[in-house]
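Trainee: I should like to understand how the terms used for this structure are justified. May we go through them one at a time?

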Amino acid sequence: MKFFVDTAEIDQIKELNDLGMVDGVTTNPSLIAKSGRDILEVTKEICSIVSGPVSAEVVALEADDMLAEGRKLAKIADNIAVKVPLTWAGLKTCKTLTDDGIMVNVTLCFSANQALLAAKAGATFISPFIGRLDDLNMDGLELIEDIRTIYDNYGFETNILAASIRTANHMSDCAKIGADVCTAPPNVIKAMANHVLTDKGLAAFMADAEKAGIKIV
Ligand code: G3P
């Protein structure tokens with residue numbers, strides 16, 4: 001499963017990229033706003049750091065405007081995936097950009113029907129939002145399972161990019177289901193390493209090593 005980092009914070013991307021934990025990056029208008037930077041500038045800098053797909057989202061709502069914004073975003077770098085919302089305008093833009101050879105990430109997906117439409121429109125990635133469904137006591141992971149079943153039934157090549165990831169368990173659960181990608185905030189990726197028994201076991205090893213005077217010199 002590929003790990004994408006869901007942030008526009010350069011330092012956090014660099015830190016995880018240096019650990020080999022970044023196969024791509026996703027941003028959205030809220031993450032760009034949080035960065036306080038110009039979308040074209042920060043996206044260009046991200047593309048200079050990460051060789052995998054970098055998703056940058058349009059802010060227009062009408063198809064013609066979305067297409068113009070998408071083409072402008074795509075010119076930033078070859079690894080840009082233009083992010084469009086799962087609306088008919090977004091699906092129309094997805095079809096046009098995909099036909100032109102540009103990667104498209106269709107976002108704000110909350111149902112299997114929406115994911116089916118994105119695959120028919122030729123999306124490179126579909127972004128089902130797990131956390132926001134869970135927030136409503138709905139089952140975000142069940143949506144990932146449903147999309148995986150539908151895409152496998154018909155050989156759709158659209159990559160399932162599980163998004164709105166809130167916990168380390170979301171990562172492993174998506175891997176068990178067979179999501180192609182998970183995009184997660186840096187802190188969630190880091191939390192995957194945490195386990196109380198690891199900490200306890202390491203402390204015991206260190207105590208015994210000190211007691212025995214073990215030195216590797
Ligand atoms: O960037 C898309 C998605 O990951 C947003 O997640 O936490 O705002 O629901 P969240």
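Mentor: Let us begin with a term: a polar contact is a pair of N or O atoms within 3.5 Å. Please keep in mind that this is a predicted model.

Trainee: What makes the pair formed by Asp6 and the ligand a polar contact?

Mentor: A polar side-chain atom of Asp6 lies 2.6 Å from an oxygen atom of the ligand. The limit is 3.5 Å, so this pair qualifies as a polar contact. Arg166 also has a polar side-chain atom, 3.1 Å from a ligand oxygen. For Lys83, an N or O atom of the side chain is 3.5 Å from an oxygen atom of the ligand. Taken alone, the ligand exposes 310 Å², and the protein buries 84% of that.

Trainee: Which residues surround the ligand, and how many of them are charged?

Mentor: The ligand is surrounded by Asp6, Asn28, Lys83, Phe129, Arg132, Ala163, Ser164 and Arg166. By class, this shell holds four charged, two polar and two nonpolar residues. The space that the ligand takes is the largest pocket.

Trainee: Why is Ser55 called buried?

Mentor: Its relative accessibility is 1%. Buried means under 20%, and therefore Ser55 counts as buried. Ser55 belongs to strand E3, which covers residues 54-57.

Trainee: What does the side chain of Ser55 make a polar contact with?

Mentor: The partner is the side chain of Asn105, at 3.0 Å. That value is within 3.5 Å, so the distance meets the cut-off for a polar contact.

Note on methods
Residues are numbered from 1 along each chain as its sequence is written. This is a predicted model: local features need pLDDT of at least 70, side-chain atom pairs count only at pLDDT 80 or more; totals for chains, interfaces and linings use all residues. Side-chain values use heavy atoms; hydrogens and water are left out. A residue is near a molecule or strand if one of its heavy atoms lies within 4 Å of it. A polar contact is a pair of N or O atoms within 3.5 Å; within protein, one must be able to donate a hydrogen and the other to accept it, and residues adjacent in sequence count only if both atoms are side-chain atoms. Accessible areas come from the Shrake-Rupley method with a 1.4 Å probe; for residues, only the protein chains shown count as cover. On a 1 Å grid over the protein atoms alone, a cavity is a set of points where a 1.4 Å probe fits but cannot get out, and a pocket is an open set with protein on both sides within 12 Å along at least five of seven lines; lining residues have an atom within 4 Å of a point. A molecule sits in a cavity or pocket if more than half of its atoms lie within 2 Å of its grid points. Ala, Val, Leu, Ile, Met, Phe, Trp, Tyr, Cys and Pro count as nonpolar, Asp, Glu, Lys and Arg as charged, and the others, Gly among them, as polar. Helices (H or I, at least four residues) and strands (E, at least two) are DSSP runs, numbered from the N terminus. Buried means under 20% relative accessible area, exposed over 50%, partly exposed in between (1.4 Å probe, protein chains only).
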